[in-house]
Amino acid sequence: MGDTPSAFTVFDHAMMARALRLAERGAFTSRPNPMVGCVIVQEQEVVGEGWHERAGEAHAEVMALRDAGGRAYGATAYVTLEPCAHTGRTPPCTEALIGAGIARVVAAMRDPFPKVDGAGFARLQEAGIQVASGLMEAQARQLNRAFFSRVERGRPWLRIKQGISLDGRTALASGESKWITSPQSRADVQRWRARCGALLTGAGTVLADDPHLTVRLPAGVPFTPPLRVVLDPGLATIARGHVRDDAAPTLYIHAPDAKPSREFSAQRIAVATDGRNLDLLAVLQELARREINEVQVEAGATLAGAFLSAGLVDELLFYVAPVLLGDRARPMFDGLPIQAMVDRYELEVCDERRVGPDLRLLLRPRLG
C-alpha cells in the first residue's frame, strides 16, 4: 500500500517530518523495538504527539492519543511506521487508534516485522479508517535501518568506528593510541555507542588496550547500556579486563572447542569457525537472535579488516585528527584482498562535519 507523492500535501509532509523528529528521541532507549513517532492533527492543528520511549512501555500512537485526549476523535494520525496489530509486551496500537475514533492514518511505511507486515493497515481499514502510506518512506527507513537489517537480513547493522591520523594510522607501532583524536571526538562517539545494541571488540584489543566499552553521556541523558561482545575463540581474555566489570553486560563468543574454567561465570556462546577464525556472519546472526539491531565494532586492524573483507560492514565512522603518525604506525585494516586498482573498496561519504579540531566522516560501501 502506498500513495503517490503527489497525493500528499505540504502539510502532510510537515507533520510526518515532525513525527520523524519525535521518533529520534527514542534512539538510546527504544531498542530492540524501532524508533517511532506519532503526531495527531485535528483540522490542521496538532492536538497530540508522542514517541516510543522504551521497549515494554507505551508505543508512539498510544502516547500521542493520551496527549490528544478527546480531540483525537475524527483526527488524522501521522505515524512513522505501520501501527502494530498484535499483542506483544503492549496491546495493539490499531485498537487504541480505533477506540479513540481516529478517522485517517498516514504512515511513512509498512512494518516488515512478521507479526505486523500489513496486518496493522488491514485492521484499520476493516474498522473504516482511511489509510495512506509511503510518505517520506526513505527517511523513515533510514531512521530505522538497523531494525530493518535485523528483521529483513537476519543480522544487525554493522558499523566500524576508528579514530585515525591524517595518514590513516590508528596507533603507533608500540600500540600506543591515547589519544589520537580530540576530547570533543571522544565525547561525540558516546552518542554513537548509546544507540547500539552491542559494542564489539576482539581478544587482541582486550589484551592490549583493556577497553571499558561503556557509554559515558552527560548526567540525565537516558540510555540502555549496550551489550559488550568480545570475540575470543580460545577464551584467552576471560580472567581480565574492564569488560568483566558490572558497568554493562558482556558476552564472550568463542570457538566450539574452547574450554572455559569452572569458575567462568560470564555469558558465552560458541559459534562455528571458518578455518582458524570465528565465522563472522554466524556471529552477527547470533546477535540478531538476541534482538541486537545495531553493532559498533571498536577493534584493531585484523578484526576490522576481516569484517570488511567478508562484506559485512554497512557503515564506517572515522574521526580524522590533523596529525601524522608515520609509516611505522599501525594501519586501519589488515588483510584486505586488494591486488589491483579494480579491487579497491569504494566508499560513499554520507556525512562529514567538524568535531573540535577533527573531521568526522560517515561512509558506506558503494554498492554496484
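Let's start with a network of salt bridges: Arg145, Arg159, Arg195, Glu294, Glu315 and Arg364 are all linked in it. Please keep in mind that we are looking at a predicted model. By the rule used here, the count for salt bridges comes to 23.

Let me walk you through two pairs from that network. Take Arg145 and Glu315 to begin with: their side chains meet in a salt bridge, with N to O at 3.3 Å. Arg145 sits in helix α6 and Glu315 in strand β15, so this pair ties together parts that are 170 residues apart in sequence. Are these two residues buried or exposed? Arg145 counts as buried because its relative accessibility is 12%, under the 20% cut-off. Glu315 is buried too, with a relative accessible area of 0%.

Now the other pair, Glu294 and Arg195. Here the salt bridge has an N to O distance of 3.1 Å. Glu294 belongs to strand β14 and Arg195 to the loop between α7 and β8, so parts 99 residues apart in sequence are tied together. Glu294 is buried, at 4% relative accessible area.

Let's go back to helix α6, which covers residues 145–153. Which of its residues are buried? They are Arg145, Ala146, Phe147, Phe148, Ser149 and Arg150. The elements that cover them include α5, β6, α9, β14, β15 and β18. Right after α6 comes Gly154, and its phi is positive, near 75°.

One of those covering elements, helix α9, is home to Glu286. Glu286 counts as buried, at 11% relative accessibility, and its side chain is joined to that of Arg289 by a polar contact of 3.1 Å.

Finally, let's zoom out to the domains. The domain assignment gives domain 1 as residues 10–143 and domain 2 as residues 154–365. Their C-alpha centres lie 34 Å apart. Domain 1 brings 10 residues to the contact, and domain 2 brings 15.

How much area do domain 1 and domain 2 bury between them? About 940 Å², with 46% of it on carbon and sulfur atoms. On the domain 1 side, Phe28, Arg31 and Pro32 supply 68% of the buried area, more than any other three residues.

And which interactions cross this interface? Between the two domains the count is 0 salt bridges, but the rule does find 6 residue pairs in polar contact. The domain 1 residues touching domain 2 divide into 5 nonpolar, 3 polar and 2 charged. Thanks for listening, everyone!

Conventions:
Residues numbered from 1 in each chain as written. Predicted model: local features only at pLDDT ≥ 70, side-chain atom pairs only at ≥ 80, totals over all residues. Heavy atoms only, no water. Domains from an automatic or database assignment. Contact = heavy atoms within 4.5 Å. Buried area = accessible area lost by both parts, 1.4 Å probe. Salt bridge = Lys/Arg side-chain N within 4 Å of Asp/Glu carboxyl O. Polar contact = N/O pair within 3.5 Å; in protein donor to acceptor, adjacent residues only side chain to side chain. Nonpolar A, V, L, I, M, F, W, Y, C, P; charged D, E, K, R; others polar. Buried < 20%, exposed > 50% of the residue type's maximum accessible area, 1.4 Å probe, protein only. Helix = DSSP H or I, 4+ residues; strand = E, 2+ residues; numbered from the N terminus.
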